[in-house]
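Please look over the model below with its ligand in view, and then follow the text from the ligand outward to the sheet.

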Amino acid sequence: MHAAEKNSPPALAVFTGKPAFLEPLHVGRPNLGDRKRLYERFDQMLDRRWLSNNGPLVKEFEQEIARHVGVKHVICVCNATIGLEIAIRAADLEGEVIVPAYTFVATAHALQWQAITPVFADIDPATHNIDPARVERHITPRTTGILATHVWGRSCDIEALSDIARRRGLKLMFDAAHAFGCSHRGRMIGGFGLAEVFSFHATKFLNSFEGGAITTDDDALAARIRLMTNFGFAGFDNVIHIGTNGKMTEACAAMGLTCLESIGEVIEVNRRNHAAYAEGLADLHGVKLVGYDDTERNNHQYVVVEVDETATGLCRDALVRVLHAENVLARKYFWPGAHRMEPYRSFFPHAGLLLPDTERIAERVVVLPTGTAVSVGDVGVICGLIRAALGDPARVDERVRTLPQG
Ligand code: T4K
């Protein structure tokens, strides 16, 4: 951002009605990769007339993921939610499984969908990840596992969780939806616990339109997962296991392979944008940009900011409304927490009492746009808008209160 812009705050659209951006700036705008390569792959796929059911592009995508992650088995699936459901079932989880409430609701749904009770444990507010000390308190005779999310791609406390799982005889799995391309103590995420599940949804930094992958080093589990992903078929007309249809299509694998070829550039753009946000928001009292550990590999796909209302004088929700008026479609992930969504809020109406840090962080976090559709100039403008809003919080707050609920 130029010094001049810092000195003269922009007039905000909540007052003027004129947004800073003509087109909406999204969180999760897809990164696309090389179109020519994608069309070539589509042509080959159409020439082959092989569109699904473990085709050559899916096999290649699985090999490439295995190479990137350094894991023995990769099973591509149609999305991470189905991937979680399959991995959970293949691992024989039942009864109760401990999960964070500060995660996308799919983590809990993948359990509840198969009549397994998700038991919500609180997070460490410093990392936004499930707090191992609190996990231990929720273990009952019905607990069979822990399903932990590497939130924003920053790894959980894997050692502490593994230790609990070992001592208490629980199965440990990871929702690694955010964490492709990230490492933990120098080892790529994807190789920890019994299994991990990545998402390649359109909004993820590596996308296959829709898609995901289950990764594991366990031969028997991998074999079960592979069967379950394709109705339990072991060959023509030979069903040897309960299964579902979790298969990835060839078109999705074509997109995944193409995007995989450019993840280096995408990560570089994300890193650049994150640094620009860090500069643009520096010294802004009450605004904390969540950082990434530079000694690890990170995909930097989420720009996450915590807004402390007591310091800024403006709550997170008001700031989000200011940004939306500017066509900056910032998101409040993972507000209000999975425990406050259905069916969990009806099942456990008082769960929030045991989740104070989840509730506090969910009230504070705003996720800002990044990725290849967002330029450093855009980041400068967004930071200028945030500074302008927080420069006159009382007036902005009063104004936002008069606006119709959007
Ligand atoms: N576990 C975790 C921890 C997850 O975060 C997720 C997914 C999962 C499991 C499940 O993975 P999948 O089954 O999806 O593979 C979005 C994504 O849909 C979801 O995949 C993601 N997490 C979550 C964090 O974000 P919504 O409900 O916020 O999506 P939506 O439709 O509001 O889109 C987000 C923004 O992206 C919008 O501003 C529009 C923009 N967008 C979206 C799409 C699809 C585009 O610009 N182009 C597009 O093609 O959940």
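A polar contact is taken here as a pair of N or O atoms within 3.5 Å. In this predicted model, a polar side-chain atom of R29 meets that limit, lying 2.7 Å from an oxygen atom of the ligand. R331 likewise places a polar side-chain atom 2.7 Å from an oxygen atom of the ligand, while the side chain of K204 has an N or O atom 2.9 Å from a ligand nitrogen. The ligand taken alone exposes 920 Å², of which the protein buries 76%. Two elements, α5 (80-90) and α6 (106-112), are those that give two or more residues to the shell around the ligand.

Around the ligand there are 24 residues, and R29, T81, D175, R331 and Y333 are the ones that come nearest. By residue class, the shell holds eight nonpolar, twelve polar and four charged residues.

Turning to the sheet, the model shows seven strands in an open arrangement with mixed pairing, in the order β2-β10-β9-β6-β5-β3-β4. Its edges are formed by β2 (73-77) and β4 (117-121), each of which pairs on one side only, and the twist from one strand to the next averages 25°. Within this sheet, β9 (residues 195-199) and β10 (residues 212-216) run antiparallel and are joined by four bridges; V197 has I214 in β10 as its bridge partner. Helix α8 (residues 158-168) packs on the sheet, where it touches β5 (143-149) and β6 (171-175), and the direction of α8 makes about 150° with that of β6.

Technical notes: Residues numbered from 1 in each chain as written. Predicted model: local features only at pLDDT ≥ 70, side-chain atom pairs only at ≥ 80, totals over all residues. Heavy atoms only, no water. Near = heavy atom within 4 Å. Polar contact = N/O pair within 3.5 Å; in protein donor to acceptor, adjacent residues only side chain to side chain. Areas by Shrake-Rupley, 256 points an atom, 1.4 Å probe, with all protein chains shown as cover. Nonpolar A, V, L, I, M, F, W, Y, C, P; charged D, E, K, R; others polar. Pairing = 2+ DSSP bridges. Axes fitted to C-alpha atoms, helices over the stretch in contact; angles between N-to-C directions. Contact = heavy atoms within 4.5 Å.
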